[in-house]
Structure formats: C-alpha cells, structure tokens
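Please look through the sequence and the three-dimensional model below before reading on. The report that follows takes the chains one by one, then the sheet, and then the packing of helices.

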Amino acid sequence: MVTTAMVARSSVQTTVPSRIEVSAIAAGPVLARVFGIVGARAGLSLDRVSDLLLLADTIADADVHADARVGVEFAITDGQVELLVGPLVDGGAEQLTTSPTVGGVAVLPRLADQVEVLGTGAEARRVRLVVA
Amino acid sequence: MSELHLLLPAAPENVVVARQAITGLCEGLGFPSRATDDVRLAVTEACTNVVVHAYAPETTTAQLEVEASAVDHELHVTVRDQGRGMGVFTGAAGLGLGLPLIAALTRAVEMRAGPDGIGTEIAMTFAKDDTDGDDGDGRA
C-alpha cells in the first residue's frame, strides 16, 4: 500500500519549486550532497556530476550571499540541471561569475554550460547556471 | 534563524534530497557519525510520512518543508507539510513503525498542527552527543 501511494505521488507534476537555504557555515557539505543527488537524478555523466560538486564548493565558498545565507533554487529539465543562486549582495552576481579563478581563469563559466546574471547593476542579485 | 531551510515538492524522489541535505548539515556542524545516522533516519521517516500520508495523490501543490536549527548541543529539525492534517485516513496504510522509530531516535519529538492550523509538522530534537540512553549506546 505504501508503494502504491508513493508511485501515485511520483506521477503528479507539482508546481512547488525546489529551494534550499543554508547558513554559510554548513553550505559546503549541504550543497555538495544535494547537487550530487540532483545531478545523478538528471542522468548527468560522472564528469558532469563532479563539475556540479565543484560548483557547490565554489558557490558555498564565495562571500557574496545576502545575510550570510546561501540560497539556491534547483530544477531538472530535459536532462539538465538548472540552478538559480541568490539572493546575493550588491555586486555579488558579477563577483560570483568572475572572481573565483584558477590560474586567472574564472571558474564558473568553465564548470557550467550556461552562466547568466539576472538583473542589471545593483539589481543583479541572482545567477542562473545550467549544467547538462 | 535556522541553519537549513528546504522546500521541495512532496514527491518520493525528494525524500533522498532531504536526507542528503540534513546529512550534509550534520557534517557541517560537526556531528559524530552515530548522531548523524539517527538524524538521517528519523528525517527520512518523517519526510516519507509527508509523501505517503499528507496529500491526496492528485494534489499539484504538495510541498515538503524541512527546517533545522542548531542550539547549543542540540539540533532541532521540523518536517512540515500543508496537507490534510492529522487524523485523516489516507488509505495508504504503512507498517505503523515510522513514528515509534522517530521517537526512539530523538531526544524529544512533538507532532502538531502546522502554522495557522494548516497541515502537520513534526518537531524533533536530537542531541549532538547523546549520553542519556539507558543501554550505553546513546539511545534512550
């Protein structure tokens, strides 16, 4: 009976978003575990799941999050993982997409297939990332 | 302010997301592995209850909410739904072991109506280093 109820719920399309908010101190392990399971469910390759884990660390470590709380909305669409990071502090979106670097190369654009800053100027407080 | 706030569609595949999130939180807060195992199992049971019992199968706004706060050496976790509330028979009978299991794994547990009387929430308290048990293994 439990299995029947679980299956019935699984087949229903819901309108509820998937959103996580976590304090900065615990953001690293929480995001890594959640991104890992979301990437696996999306059917991403192991390499791309590894990239998601690196993204989790990059996002968690960045000092750009409003109120020292890391917020991420996530969704799986057509076999790709879409992440909406924010709200961020003023200028945080620009900083997140350009500042974490390795050897002078920005990390986020190398890990995600799409990087998009939502809003302009001081209103740019969210970053959209897609990993496929 | 809570350490973790998670809002998810109340779907079976999201129980594992909640489990992974709460496990990561315990790791981030430095919980020992034994305590983390208890938190993970109890939260999994509570989330499964939401998915199975809280909503009619056709509900498109079914949501699962998990909130966790660390206070001193305790972790307070609340699993909340906005479903039909307590006492409504869903027709999805289980083994009846979920709540007793949660009670065995927690220092304190309370099941009550959600905010504004909507839905149900189960509030669980876990000890970071539980030495209250009578059998020496950390469990009461």
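## Make-up of the two chains

Chain B holds 3 helices and 5 strands, where helices are DSSP runs of H or I with at least four residues and strands are runs of E with at least two, each numbered from the N terminus. The model is predicted, so that local features need pLDDT of at least 70 and side-chain atom pairs count only at pLDDT 80 or more, while totals for chains, interfaces and linings use all residues. Residues are numbered from 1 along each chain as its sequence is written, chains are lettered from A and ligands numbered from 1 in the order in which they are written, and side-chain values use heavy atoms, with hydrogens and water left out.

From its N terminus on, chain B runs through its elements as β-α-α-β-β-α-β-β. Of its 140 residues, 49% count as buried, a term that stands for under 20% relative accessible area, with exposed meaning over 50% and partly exposed lying in between (1.4 Å probe, protein chains only). Among the contacts in chain B with a separation of 6 or more, residues 24 or more positions apart account for 62%, a contact being heavy atoms within 4.5 Å.

Chain A has 5 helices and 7 strands, and its pattern along the sequence is α-β-α-α-β-β-α-β-β-α-β-β. Buried residues make up 44% of the 132 residues in chain A, and 62% of the contacts between residues at least 6 apart in its sequence join residues at least 24 apart.

## A sheet with strands from both chains

An open sheet is formed by 10 strands in the order S6(A)-S7(A)-S3(A)-S2(A)-S1(A)-S1(B)-S2(B)-S3(B)-S5(B)-S4(B), with antiparallel pairing; two strands pair if DSSP finds at least two bridges between them. The edge strands, each of which pairs on one side only, are S6 (114-118) of chain A and S4 (108-113) of chain B. Neighbouring strands of this sheet are turned by 15° against each other on average, direction ignored.

Where do the strands of the two chains meet? S1 (residues 4-9) of chain B pairs with S1(A) in the antiparallel sense over 4 bridges, and A:Arg19 has B:Leu7 in S1(B) as its bridge partner. S1 (residues 18-23) of chain A is mostly covered, since 5 of its 6 residues are buried. S1(A) also pairs with S2(A), again in the antiparallel sense and over 6 bridges, and here A:Ile20 stands opposite A:Val72 in S2(A).

Within chain A, S3 (residues 80-85) is joined to S7 (residues 126-131) by 5 bridges, and these two strands run antiparallel; A:Val85 stands opposite A:Val127 in S7(A). H3(A) packs on the sheet, touching S2 (69-77), S3 and S7 of chain A, and its direction makes about 165° with that of S7(A). In chain B, helix H3 (residues 98-105) lies across S4 and S5 (120-127), running at about 30° to S5(B).

## Helices against helices

The table sets out three helix pairs; axes are lines fitted to C-alpha atoms, for helices over the stretch in contact, and angles run from 0 to 180 degrees between N-to-C directions.

| Pair | Angle and axis distance |
|---|---|
| H2(A) and H3(A) | about 155°, 8 Å |
| H1(B) and H2(B) | about 155°, 9 Å |
| H2(B) and H3(B) | roughly 155°, within 9 Å |In chain A, H2 (residues 27-41) and H3 (residues 46-61) pack at an angle of about 155°, which makes H2(A) roughly antiparallel to H3(A); angles over 145 degrees count as roughly antiparallel, those under 35 as roughly parallel, 65 to 115 as roughly perpendicular and the rest as oblique. The crossing of H2(A) and H3(A) is right-handed, a word used where the near helix is turned clockwise from the far one by less than a right angle, while anticlockwise is left-handed. Residues of H2(A) including A:Leu31 and A:Phe35 meet residues of H3(A), among them A:Leu52 and A:Ile59. By class, the contact of H2(A) with H3(A) has 11 nonpolar, 3 polar and 1 charged residues, where Ala, Val, Leu, Ile, Met, Phe, Trp, Tyr, Cys and Pro count as nonpolar, Asp, Glu, Lys and Arg as charged, and the others, Gly among them, as polar.

In chain B, H1 (residues 15-28) and H2 (residues 33-54) pack at about 155°, and H1(B) is therefore roughly antiparallel to H2(B). The crossing of H1(B) and H2(B) is right-handed, and B:Ile22 and B:Cys26 are among the H1(B) residues that meet H2(B), where the partners include B:Val43 and B:Cys47. The residues of this contact between H1(B) and H2(B) divide into 8 nonpolar, 4 polar and 2 charged.

H2(B) and H3(B) are likewise roughly antiparallel to each other, but the crossing of H2(B) and H3(B) is left-handed. Residues of H2(B) including B:Leu41 and B:Ala42 meet residues of H3(B), among them B:Leu101 and B:Ile102, and by class the contact of H2(B) with H3(B) has 7 nonpolar, 2 polar and 2 charged residues.

How values were computed
Parallel < 35°, antiparallel > 145°, perpendicular 65-115°, else oblique.
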